[in-house]
Amino acid sequence: MSLVQTELLALLSLLYVCLAVVAHRGSREAGSQAFAAGLLGIAIWLLGGAVEVEAEKLASVLAGLWITYLGNVMVPVAFLVFALQFAGRFAPRSREVILLSLIPAATVILVWTNGWHELMWAHPPATFDPTEGWVLDPEWGIWFKWVHVPYSYALIASAILILVRELNSPLYRTQVSTFLVGGAIPLITNFLYLLGVAPRVTHLALGASGFVFTWGFFRTRLFRLTPVAYRSVFETLRDGVIVLDRDDRVVELNPVAASMLVGRRDDALGRPVGQLLPAQSPLLPLLRRGTEVEEVVEGMEGRMEEVTITSVRGPRGEHRGRMILFRDVTARLHAERALMESQELVRTLVDQSPAGILRLRPEGGDFQILVANPEAGRILGRETTQIVGAFMAQEGGTAWEPLVAGLREASRGSGMAELELPFRGRWFRVEVAPVGLDLSVTFVDISERKAREREMEKAARRDPLTGLLNRRGLEARAAEILLPGAGSRRACSLLYMDLDNFKPVNDTMGHEAGDQLLKELADRIRALLRAPDLAARMGGDEFAILLPGVDGTAAQRVAERLREELEQPYVLDGTPVVCPASVGIAVQPEHGQTLTSLLNAADAAMYRAKREATRVSFPPPD
């Protein structure tokens, strides 16, 4: 019987080695290398089990345990790193992986030296039975019970939670389910064994998982589909957005894009985009041209669409898919054509033109006015009879000086020139074109357009739901506060926070309740801040606050007050809801000089606060 078990475990170990090789071949895919390391750890684990079963002496049993735990400690770390990379949440660097591996490495050392200290188990860990041979029945030590087991299960639980979130994507549901089922079988059996309610069959459970992973490799195309890191496609975006994977299958799309496809939106996920587009769609030839395309085409119902196709790349720059952006530019193109036609008409019908028109003759750095229509006279503030024949620099003096300077700059070119100038309280687009030796100058009042542009620019920097700044607005305003490089003369602090229970509110009470909560949260933030402080909604339930002239100590006090305020219940549809926040703090210049570096540091600190349940945290030390 012992020989049969030994051969079975050896074969299973070989199976996992083969699976590890297959996974490693997909090293370009997110998480495949980490998953291969985990499979290799299981192979070592099973090999140690084979040595234990075959052992005839206690020394051989101990050798089997040494091998077993060498593989055992690899699995939780590899599984967590795989989950993070596969889900596109975070790509751990070598330093983070080493930190995660410190306790497992200590466990291996303690296993190999257990006879000296018995921190893993009381020696000997096995008893000899004349009929069954050596039987493992250890009395577990302090390190095993209070460090190794809790740490290993904490890593595995974190990985499972990350993968469970990926079940929301229909395209990856089968893959993720395969990972979870394959990992759950040995996890549950080993947990029941440690509780003492089941026999030690972890090795057989690992064998069953091996068959699940084998089926997954060949039936569910593990590592052929990996998540594309575009989860935040705004449902209210006026532009159409389609995200494709490497095989041009639809990963995500918004309602505007769905209206351009054949069939329902839900049916589009996971299907090749070429099968979903109408046969005459102008997008089909653009897709065949490559990953970087920008072109205006005629779309459905005669609309003109500006199509931009860009590559989606992973953390290491590898091609992961494509993103297609549709923008309706019909109105813009019609306006441009109408403007061109009106300009041609203006040049023909000078006297009746609503635009101001001048014909000028350059002479010695000045411009003599040869022709002026009534509108040009009104723009310049003179009667046309007073200015025809006059020289602009002499006639207008300092009042016309900006206009004369712009005309001099424009006249240096050999062709038509355009410039936009403020003049006498209004904005004009001044078009300058050569007419023989003279210049034709047309003034078009663009004051209203400039005002709209300013309003649009202002609105583009605000979050429409909360009224706070958005990321773009924060970047623009922060540039006025954060001095570049090492030249900053005053401390600035940045708080980055994330609501801990916001998703359950959305899921159980609906998005309207979630929006109401975010609005009230923004009001609470505004109430706590000073006039120079900047608050921004970075997306979803994440917010950033820039505190000019505030050092780390004061920033921590602000963060604590903010956290206490946000822990007060929100009343949503008559129901009190508690939605606390985790806050990360970064200080200039200790954690960075630029907004980007401060955001990265504060984001890392926020996740540290979540992980350590401290609510408020600074970035972890390097």
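**Exercise 1. In this predicted model, find the bridge partner of Asp 245 in strand 7, then place the two strands in their sheet.**

Step 1. Asp 245 has Gly 321 as its bridge partner in strand 7.

Step 2. Strand 3 covers residues 240–245 and strand 7 covers residues 319–328; six bridges join the two, and they run antiparallel.

Step 3. The sheet is open and has five strands in the order 4-3-7-6-5, with antiparallel pairing. Strand 4 (250–253) and strand 5 (293–298) are at the edges with a single partner strand each, so one side of each has no neighbour in the sheet. From one strand to the next, the twist averages 20 degrees.

**Exercise 2. Work out the surroundings of strand 12 in the sheet 9-8-12-11-10.**

Step 1. Five strands make up this open sheet, and their pairing is antiparallel. Its edge strands, strand 9 (366–372) and strand 10 (417–423), each pair on one side only. The twist here averages 30 degrees from one strand to the next.

Step 2. Take the pairing with strand 8 (residues 356–363), which is antiparallel over five bridges. Within strand 12, Ser 440 stands opposite Arg 359, and Leu 439 stands opposite Leu 360.

Step 3. Take the pairing with strand 11 (residues 426–435), antiparallel over eight bridges. Here Val 441 of strand 12 stands opposite Val 432. Two residues lie between the strands of this hairpin, in which Gly 436 takes a positive phi near 65 degrees.

Step 4. Add the helices. Helix 19 (residues 401–411) lies across strands 8, 9, 10, 11 and 12, and runs at about 170 degrees to strand 10. Helix 20 also packs on the sheet, where it touches strand 10, strand 11 and strand 12; the angle between its direction and that of strand 11 is about 125 degrees.

Step 5. Check the burial of strand 12 (residues 438–445): seven of its eight residues are buried.

**Exercise 3. How are helix 3 and helix 6 oriented to each other, roughly parallel or roughly antiparallel?**

Step 1. The axes of helix 3 (residues 58–72) and helix 6 (residues 102–112) come within 9 Å, crossing at roughly 180 degrees.

Step 2. An angle over 145 degrees counts as roughly antiparallel. The two helices are therefore roughly antiparallel to each other.

Step 3. On the helix 3 side, the contact consists of Leu 65, Trp 66, Tyr 69 and Leu 70; on the helix 6 side, of Thr 107, Val 108, Val 111 and Trp 112. Sorted by class, there are seven nonpolar residues, one polar and no charged.

**Exercise 4. Is Asp 463 buried or exposed, and what does it touch?**

Step 1. Asp 463 sits in the loop between helix 20 (447–460) and helix 21 (471–478).

Step 2. Its relative accessibility is 10%, and the cut-off for buried is under 20%. Asp 463 therefore counts as buried.

Step 3. With neighbours within four places in sequence left aside, Asp 463 contacts Leu 468, Leu 469, Asn 470 and Arg 537. Between Asp 463 and Met 538 the C-alpha to C-alpha distance is 8.8 Å, with a separation of 75 residues in sequence.

**Exercise 5. Which residues have the most contacts inside the largest nonpolar core?**

Step 1. This core has 33 residues, and Leu 495, Met 497, Leu 517 and Ile 525 have the most contacts inside it.

Step 2. Elements that each supply at least two of its residues include strand 13 (492–499), helix 23 (511–528) and helix 24 (552–566).

Step 3. Not counting residues up to four places away in sequence, Leu 517 touches several residues, among them Leu 499, Phe 502, Tyr 570 and Cys 579.

Note on methods. Residues numbered from 1 in each chain as written. Predicted model: local features only at pLDDT ≥ 70, side-chain atom pairs only at ≥ 80, totals over all residues. Heavy atoms only, no water. Axes fitted to C-alpha atoms, helices over the stretch in contact; angles between N-to-C directions. Helix = DSSP H or I, 4+ residues; strand = E, 2+ residues; numbered from the N terminus. Parallel < 35°, antiparallel > 145°, perpendicular 65-115°, else oblique. Contact = heavy atoms within 4.5 Å. Nonpolar A, V, L, I, M, F, W, Y, C, P; charged D, E, K, R; others polar. Buried < 20%, exposed > 50% of the residue type's maximum accessible area, 1.4 Å probe, protein only. Pairing = 2+ DSSP bridges. Core = buried A, V, L, I, M, F, W, Y, C linked by side-chain atoms within 4.5 Å.
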